[in-house]
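Trainee: I've got this one open on my screen and would like to go through it with you. Can we take it piece by piece?

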Amino acid sequence: MARAMRACALLSLLVFATSAWAQKLLVDILTEPCQPTEEGALNFTEQFNKSAENVFYQSVLASWTYNTNITDYNMDKEKWNATHMFHVSDEFFTSLNLIPMPQEFWDKSMLTKPENGRDVVCHASAWDFYNRKDFRIKMCTEVNMVDLFTIHHEMGHIEYYLQYKDQPVPFRYGANPGFHEAIGDVLALSVSTPKHLKDIGLLENVEDDKESTMNYLLNMALQKIAFLPFGYLIDLWRWRVFSGETTPEQYNFDWWYLRTKYQGICPGVPRTKKDFDAGAKYHIPANTPYIRYFVSFVIQFQFHKALCNASGHTGPLHTCDIYKSTAAGNLLAKALQKGSSRPWPEVLQEIVGTPSMSAKPLMEYFEPITEWLKEQNQKNNEILGWPEYSWTPPIPDGYPVDIDKITDIKKAEEFLAEFNDTSEEIIYKYNDAYWKYNTNITDYNDQLQQKAYLQWANHSKEFGLRAQQFDKDAFQDESIRRQLEKISLIGSAALPKTDLKEFNAIISKMETIYSVAKVCWNGDQDCSLLDPDLTGIMAMSRDYKELEYVWEGWRNASGRTMRQDYIRYVELSNEAARLNGFPDNGALWRSYYDTKTFEADIERIYKELQPLYRNLHAYVRRKLLDTYGQNHINTKGAIPAHLLGNMWAQSWINIYDLVVPYPSAPKIDATPTMLKQKWNATHMFHIADEFFTSLNLIPMPQEFWDKSMMTKPEDGRAVVCHPSAWDFGNRKDFRIKMCTVVNMDDLVTIHHEMGHVEYFMQYKDQPVPFRDGANPGFHEAIGDVLALSVSTPKHLKEIGLLEKVDDNEASEINFLLKMALDKIAFLPFAYLMDQWRWKVFDGRISSTEYNKQWWNLRLKYQGLCSPTPRTEKDFDPGAKYHIPSDVSYIRYFVSFVIQFQFHKAMCDKAGHTGPLHKCDVYKSKAAGDLMADMMSLGSSKPWQDAMEKITGQRNMSAESLLEYFQPLTTWLKKENENEVLGWPEYDWSPYLQPDVQERELVDFLGMKLPSSNAEAGQWILLVIALVLCVGLIAMACKLPKQKKHDMPQNSLAMDKAMSI
Ligand SMILES: [Zn+2]
């Protein structure tokens, strides 16, 4: 895999040099590897000659020949006929002291096409007749360079036969099939050098300038490098077919998925399930494994290098010619004689000195052209790879496509009516079962819930498949078209029954691992769940080692144990995505935002926010230095991830007390007043409802008050406390489920959840496929927008939670910094969560690098480092809820950006003047109407239309967010005047500081451990830390229940309800 990826990188470089069609044809045709001991009688060449592609073949071949400085012209002399070409090749083999072709070979081979009219299989092949003396080549030789190389290739097979002919029959094979393909090619690498061509009279002079070298190497790359991804994917496709992972329905889709992914090639005209393009390649119908050619193309360079060394070659690898080196020949012969009597790594070791395949010599050979291509591509500002992977060339006029799809508008209307009539009931039943399970967790309720889920999945699949039969482009009516598109997308329901079951079981298993994971002290004596204990310690403790113990313990118990399941989850979710017509699950997730440039837009917005984040980061880092000292904090490095008051460092609000800018000015906290005034959950919900109605929005209906779960039941039932908002799909039943605690945070959360319910109610009369947010970020933003008003000191005073509003700079900065610890600290985290998954889903991150790449992103975006060493046994992404529970996360990034755009638009409408962070839209009907207009669209229009309705323009933008925080930005910049922004000492790690270990060992043990015992030392430290911490932990656990500020988790149940 890794090797293939490197080759791919070089292939990307080639994009500059060749147009896509030339690449395709070169790959398909010019590098057609031949077949040894081929018994099939398919007349490939003849069939091929009839095909239209041959026209291209000829022209590409012409241009290929023309573009080389070795012309076939020189061969066109009297003496260059087939026999002479074979003798030239034979002479190369014997010059190395290898075995010459025996007399029988010359007598019995078929070197040219017979002229007596016989039909023959022209496909070049080498034959071993197994009697130890009869070996032949069959080939319709033409006098040109390509065939001269092919002769060397075929003769390489014969040489191998000759060398191992005295082995017992079972060992008369190549060490592995790739070895057999490589031998002749290795020699051809010498033959094709300009130096050698001159030696054999095919070149008049050797130009030793850079231009000729580049021409030569690019020519080689078109053969060798262009081939590699193709050589890999042919069998990758078949492995998936044979394992059942690719079902017959997906044969053609998966073929093109791999062609695009590995080769960067797209079909010239539309392809469908009915096509079978894999079968248009000889080796597929001929039942011949193909990975041997990939192996051969890699190891032939390893051989080449080893033989060159043996021959005493100096200088660049691509100039080496081993001609006449008996040392090289003897080395090769020794390996060939073994046949398959020894395992191939042993044979490889003997020749090249290492037992494993390696792309290094190949990369060395192409090094000059790699550099040159890099330069060219940089100069031309080329984009490497194919980020617009879904682009295809325009369909030619009159090309028959979708001819069998339904275009009858009446049928479409009937179908949609049927879907809308039948869906509400199914959605209600599923929600009802899922609600019962969430508010009373029993095995019985779990079974009922799973049954209801499968019913819903069947329903979506049935209608989804029917919707796919309509030709959507045939309908003028945008609403019909859009509904059909949305119904066609069926997510995981697309999976075959057994896969669907497995998929749900895996998610359910990972969720369970997550929710029962515990960190223990004193062996297994004292164990704590994430909530409330571990969350509480992370928020409240200021003890470095204690935080480290909990941080690492949580990751050992959660992520680490689900790593294998996650690999399978990735496979299955990609499978489902492909069945929905997407190349991978990340692409499916991004499609919710129907924007072609979504990834680039997010990156651009992130860049706009980065200066503010870096200022916040530098300021907080300095304050942490005051608390933890320079052994733990480096003011030019990343911040250890466990010191920010939150298990994932996604919100830093819990360390507000450590970083508060003006400790003597008021810190706005309404919680004490709420407790003093004896607020309860119901009152908090009514306060939120009152805010919505003050804006002329729809009040929560009676059923909401009757059926919601606002507090944790006291009858001993186990419930899912995680806050969520529910749409039962019947246009009247809407609920919130939450274990409310009386504090300011939960008041904000209630507004957030009620925002979801308000959205549900606003679009309830839309057709079922449109009962959704304009995009997932919109749904998350509504309640938060209102909470921005509620959190202002002005509003808190208005609802009796603050006695007075201090209008001075100190309290203003205190307020804004608190908001920033929540809103700004969160953004890079929200971004990297899905960036990691996008890369996992499309293969840019392989399963062997899950954790390493996770920490690369944590470092790059958040400026965080791990407090303890991490390995690939760990799976730290899995220690965050949304990864095991299959919930996409970029919605929260989008929400955190657009909620400020909405806030500003509403404040303008409400007639607010003054700084944005002071705005409170309470009681503004105008602002409320603006929002209601947007929400009532549901997802019936592209989100850009909804955005325009509320803000007057169509883009996501960080402008309003930056305006809101402007006073803080100015203040932080001044505060950070002498700070280094960012983390230039990026490889600094707290656990690699020698003085840390030394100091603590001296402090605790009075002795020093040598560095080789560092690991043991860490263990000792852990035990010490453990003993010392027990007391502190016991104290921490007695603290009042901690703030649980993980707003982004709130929407899981809503997601399940929403995704219908
Ligand atoms: Zn939410």
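Mentor: Sure, and keep in mind that this is a predicted model. Let's begin in a loop, the one between α11 (251-263) and α12 (291-310), where asparagine 287 has its place.

Trainee: What is the phi of asparagine 287?

Mentor: Start from the general picture: most residues other than glycine have a negative phi. Asparagine 287 isn't a glycine, yet its phi is positive. The value is about 60 degrees.

Trainee: Is asparagine 287 buried or exposed?

Mentor: The cut-off you need is that exposed means over 50% relative accessible area. Asparagine 287 has 64%, so the residue counts as exposed.

Trainee: Asparagine 522 also has a positive phi. Where does asparagine 522 lie?

Mentor: Phi of asparagine 522 is near 55 degrees. With a relative accessible area of 36%, asparagine 522 is partly exposed. As for its place, look in the loop between β4 (519-521) and β5 (526-528).

Trainee: On to the metal. Which residues are the protein donors of the zinc ion?

Mentor: Along the chain, the donors follow the spacing H-x3-H-x23-E. The donor atoms are NE2 for each histidine and OE for the glutamate, lying 2.1 Å from the zinc ion. That gives His752, His756 and Glu780.

Trainee: How many residues apart in sequence are the parts that histidine 752 and glutamate 780 tie together?

Mentor: Both residues are buried. Histidine 752 lies in helix α30 (residues 744-762) and glutamate 780 in helix α31 (residues 776-790), so the pair links parts of the chain whose separation in sequence is 28 residues.

Trainee: Now aspartate 90. Which is the nearest side chain of opposite charge, and how far away is it?

Mentor: Aspartate 90 lies in helix α5 (residues 82-95). Leaving aside neighbours within four places in sequence, its contacts are Pro100, Met101, Trp106 and Met155. Aspartate 90 is buried and has no salt bridge; the nearest side chain of opposite charge is lysine 165, 14 Å away.

Trainee: Zooming out, what share of the residues of the protein chain count as buried?

Mentor: The chain has 42 helices and nine strands. Among contacts between residues at least 6 apart in sequence, 78% join residues at least 24 apart. Of its 1060 residues, the buried share is 57%.

Trainee: And what part of the exposed area do carbon and sulfur atoms supply?

Mentor: The protein chain exposes about 45000 Å². Of that area, carbon and sulfur atoms supply 53%.

Definitions and conventions
Residues numbered from 1 in each chain as written. Predicted model: local features only at pLDDT ≥ 70, side-chain atom pairs only at ≥ 80, totals over all residues. Heavy atoms only, no water. Helix = DSSP H or I, 4+ residues; strand = E, 2+ residues; numbered from the N terminus. Buried < 20%, exposed > 50% of the residue type's maximum accessible area, 1.4 Å probe, protein only. Lys, Arg positive; Asp, Glu negative; His and termini not counted. Salt bridge = Lys/Arg side-chain N within 4 Å of Asp/Glu carboxyl O. Contact = heavy atoms within 4.5 Å. Donors = N, O, S within 2.8 Å, 3.2 Å for Na, K, Ca; no water. Areas by Shrake-Rupley, 256 points an atom, 1.4 Å probe, with all protein chains shown as cover.
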